[in-house]
Each structure stands twice: as C-alpha cells, then as structure tokens.
Amino acid sequence: MRIVAADHVGETRAAVIDGERAVELHLERWSERGQRAQRGEVYRARVVKVEAGLNGAFCELGRGPAGFLPFGKAGRPDGLHEGAAIGVQVQREAFQEKGPTLALFEVAPGEAPEAVITAPPLAERLSMAFDAPVRSPKEAGIDLDALFDEALEPVVALPGGGRLVIEPVTALTAIDVDAGARANPGGAGRLAMDLNKLAAREAARQIRLRGIGGVVAIDFLPLKKRADQAALDQALRGAFRNDPAKVDIAPASRFAIVELARQRLGRALHEISWERYGVASVETAALAALRGLEREGAANRGARLTLQVGADIHAWLDADPIGWRKAMKSRLGERFTLELAAALGPRAHQAHAS
C-alpha cells in the first residue's frame with residue numbers, strides 16, 4: 001500500500017494505491033480550509049438545540065454547518081442543555097444538505113465553539129490511516145489527473161466486454177451492469193454469471209474509489225439458478241472485504257437488483273467536483289486551468305506563459321478567492337498572464353508558452 005499525492009495551487013490530490021491499482025481518491029481544496037469540519041477532528045462545541053424527538057442535539061462547531069450529536073441508547077447525557085459547551089469528535093463529515101455527525105469526546109473547559117484538535121494535511125492523514133509511505137506522482141509513475149478524470153466518468157468498461165454505468169442521484173447511486181456485445185461460448189446463463197462476478201468486483205472497487213456512500217442499487221444480469229444467485233452474493237461480499245467503510249448488503253430482488261448501504265466517511269468525489277450531474281463546477285474548472293498552467297511552466301522553464309480562459313473561469317480566478325496569484329508566483333515567478341478568451345467556452349481553458 002502506498003499514497004501518491006500532488007500539491008497543486010488550489011488543491012491537493014491523492015490516491016491510495018494497492019499493488020498497481022488505485023483503490024481510493026481524495027481531494028482537499030484551499031477554498032475549504034477552516035470552512036469544513038474534517039472526520040476525526042475534535043471541537044469544543046456549543047449546544048444550540050436539543051431535539052428530544054431525534055434523541056440528539058445540534059451543536060455549533062465554529063466552522064461549517066451545525067453537527068448532530070445522537071444520544072444513542074444511553075439517552076441524553078447529564079449536564080447537556082442548550083448553551084452548554086461540550087467536547088465532540090467528528091464521526092462523519094457534512095455532505096449535501098446534512099451537517100456532520102458527532103460523538104462525545106472529553107476536552108478541557110474553555111471557549112466554545114473552538115477547534116481543539118484539527119486534522120493534519122491530506123497526505124499525512126492518509127499515510128497514518130494506511131501506515132503507508134507518501135510518494136509524488138513522478139516518483140510513482142502515476143498520472144493522478146487521469147485517475148481523477150476516469151473516476152468521474154459514468155461508464156466503466158469491463159475486461160472482455162460489457163460495462164458498468166454509474167449514475168449518482170439525490171437519494172442513491174444506481175449502477176447498471178450492461179453485457180453489451182460480450183459473448184460467452186457457455187451460453188446465456190454462463191455469460192450472466194461470469195459478467196456479474198466481474199461486475200461485482202469492479203462495482204465494489206469503483207464505489208470505494210469514488211468515495212460513494214449511502215444507498216447503492218446495482219442492477220445485475222438476471223440469474224435463474226439459486227446457486228448462481230448465492231455465488232453472486234458471496235462474490236459481492238468478498239469484493240468489499242477490504243473496504244474500510246462498513247457495507248451492509250441486502251439479498252438480491254427477483255429482478256436481480258442488489259441494494260447495499262455503504263457508510264459515509266466523507267463526500268463522494270462527484271459531490272466535491274460537480275455542481276450538478278456530469279457538470280464540473282466553476283471552481284473545478286478553474287483549478288484544472290491552474291494545473292494546466294503549472295504543467296506548462298514546468299515544461300517550459302523561463303518562457304513567458306499565458307493562461308487563456310473562458311468567462312466563468314476568468315471571473316473566478318480574477319476575484320482570486322484562494323490567493324492563487326501569490327502562490328503561483330512563488331512557483332513560476334512573474335512570468336504568467338491571465339487572459340480572458342472570448343472565443344473559448346465559459347469553462348474552457350488553455351495554457352501556452354511563448
């Protein structure tokens with residue numbers, strides 16, 4: 001196991017590599033520094049509302065949305081009331097419209113809300129979590145950008161033919177197993193069994209790779225034999241064996257749809273990168289433009305650089321909400337220029353040297 005990380009202007013990208021394949025991808029953006037509570041962090045929080053009906057309390061952390069502290073079977077802790085300062089640890093990060101989930105954690109008295117133990121940088125967190133060394137993409141011979149691009153594609157080709165089609169929607173993620181033009185000399189039943197087993201392994205890998213949490217529905221090819229259905233269930237459970245998140249798998253329906261629930265440890269890659277299904281946010285596009293400028297600068301040392309961008313990216317970069325200009329000057333010097341290119345699409349970009 002090893003961690004491959006790249007610190008770019010605007011964000012850090014990292015991959016967890018097991019053998020020769022990526023099993024997890026992670027993003028940490030400058031725009032969210034001090035704005036979001038990370039999993040594992042400890043806060044002295046302020047109780048803002050006790051919800052008896054939910055058997056828990058909402059707590060202000062001082063960054064991001066209020067977190068929810070479930071009381072569990074033990075019930076409401078002694079001394080916990082609205083306005084109280086309590087120690088909490090983040091168990092699950094905020095996602096979509098839901099704030100983080102918290103657990104009680106003993107801290108010293110003091111001001112509230114206040115961060116008590118903050119998370120280290122992304123690469124360091126992953127290195128500690130997996131007890132693995134950190135390498136840069138150049139040392140590892142890995143194209144991180146290609147890995148991230150592939151992990152946002154809806155279609156995943158399967159070896160020998162067939163594919164997965166992955167579509168996240170509001171309530172769940174749907175994964176369709178499509179045989180396509182795949183052929184099997186053993187007949188339709190053998191084809192379905194072989195493809196389903198392969199699809200189960202790849203679906204489990206893609207779910208973990210993309211950080212998908214919550215409910216996932218996988219539409220497999222129908223299987224007539226009970227033994228085949230049991231074999232598919234076993235294959236799917238085995239495929240999630242090394243996943244650090246808790247995964248609960250329900251029996252397949254008579255329509256060969258398997259539902260599972262994967263513990264949310266953070267946001268999925270698409271939740272960070274997209275503004276809606278399949279459409280990169282302005283920030284995502286702007287950071288891609290900055291990576292392009294960095295690459296051009298590294299390939300043409302000493303040359304004058306021009307970053308041409310469309311209107312949406314130009315507005316975001318010109319406002320400079322993350323201090324990218326100062327950071328880029330420390331890497332490239334004063335030799336780059338940002339230019340609005342009306343001929344480009346609003347979220348298109350290109351960097352060139354002269």
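# Pocket, salt bridges and a helix in a predicted model

In this predicted model, the lining of the largest pocket draws at least two residues from each of β1 (2-8), β3, β7 (85-92), α1 and α6 (269-273).

Me: What is the volume of the largest pocket?

Reply: Rolling a probe the size of a water molecule over the atoms shows where empty space is left. For the largest pocket, the volume comes to about 1200 Å³.

Me: How many residues line the largest pocket, and which lie nearest its centre?

Reply: The lining of the largest pocket consists of 47 residues. Those nearest the centre are His-26, Gln-38, Glu-93, Leu-122 and Arg-125.

Me: By class, how many residues of the lining of the largest pocket are nonpolar, polar and charged?

Reply: The lining of the largest pocket includes residues of each class. There are eleven polar, 17 charged and 19 nonpolar residues.

Me: Which residue forms a salt bridge with Arg-125?

Reply: Arg-125 is one of the residues nearest the centre of the largest pocket. In its salt bridge, the closest N and O atoms are 2.7 Å apart. The pair joins distant parts of the chain, 97 residues apart, with Arg-125 in helix α1 (residues 122-130) and its partner in strand β3. That partner is Glu-28.

Me: Is Glu-24, which meets Arg-208 in a salt bridge, buried or exposed?

Reply: The side chains of Glu-24 and Arg-208 meet with an N to O distance of 3.0 Å. Glu-24 lies in strand β3 (residues 21-29) and Arg-208 in helix α4 (residues 188-209), 184 residues apart. Arg-208 has a relative accessible area of 10% and is buried. Because a residue under 20% counts as buried, the 7% of Glu-24 makes this residue buried.

Me: Is Arg-347, which meets Glu-275 in a salt bridge, buried or partly exposed?

Reply: The N to O distance between the side chains of Arg-347 and Glu-275 is 3.2 Å. Arg-347 stands in the loop between β20 (336-340) and β21 (349-353), whereas Glu-275 belongs to strand β17 (residues 274-276), 72 residues apart. Glu-275 has a relative accessible area of 42% and is partly exposed. Because Arg-347 has a relative accessible area of 29%, this residue is partly exposed.

Me: How many salt bridges does the count come to?

Reply: The pairs described above belong to a longer list. The count comes to 26 salt bridges.

Me: Why are the buried residues of helix α9 on the same side?

Reply: The buried residues of helix α9 (residues 324-332) are Trp-324, Ala-327, Met-328 and Leu-332. An α-helix has 3.6 residues a turn, so residues three or four places apart point the same way. On the other side of α9, Lys-326 and Ser-330 are exposed. The buried residues are on the same side of α9 because they cover an arc of only 115°.

Me: Which elements do the buried residues of α9 pack against?

Reply: Among the buried residues of α9 are Trp-324 and Leu-332. The elements against which the buried residues pack are α7 (282-299), β19 (305-309), α8 (311-319) and β20.

Me: Which residue just after α9 takes a positive phi?

Reply: The phi just after α9 is positive, at about 85°. The residue that takes it is Gly-333.

Me: Leaving aside its neighbours within four places in sequence, which residues is Trp-316 in contact with?

Reply: Trp-316 has its place in helix α8. With 17% relative accessibility, Trp-316 counts as buried. Leaving aside neighbours within four places in sequence, its contacts are Val-282, Glu-283, Ala-286, Leu-287, Pro-321 and Ile-322.

Conventions
Residues numbered from 1 in each chain as written. Predicted model: local features only at pLDDT ≥ 70, side-chain atom pairs only at ≥ 80, totals over all residues. Heavy atoms only, no water. Salt bridge = Lys/Arg side-chain N within 4 Å of Asp/Glu carboxyl O. Helix = DSSP H or I, 4+ residues; strand = E, 2+ residues; numbered from the N terminus. Buried < 20%, exposed > 50% of the residue type's maximum accessible area, 1.4 Å probe, protein only. 1 Å grid on protein atoms, 1.4 Å probe; cavity = no way out; pocket = protein on both sides within 12 Å on 5 of 7 lines; lining within 4 Å. Points joined across faces, edges and corners; volume = space filled by probe spheres on them. Nonpolar A, V, L, I, M, F, W, Y, C, P; charged D, E, K, R; others polar. Arc of directions from axis to C-beta. Contact = heavy atoms within 4.5 Å.
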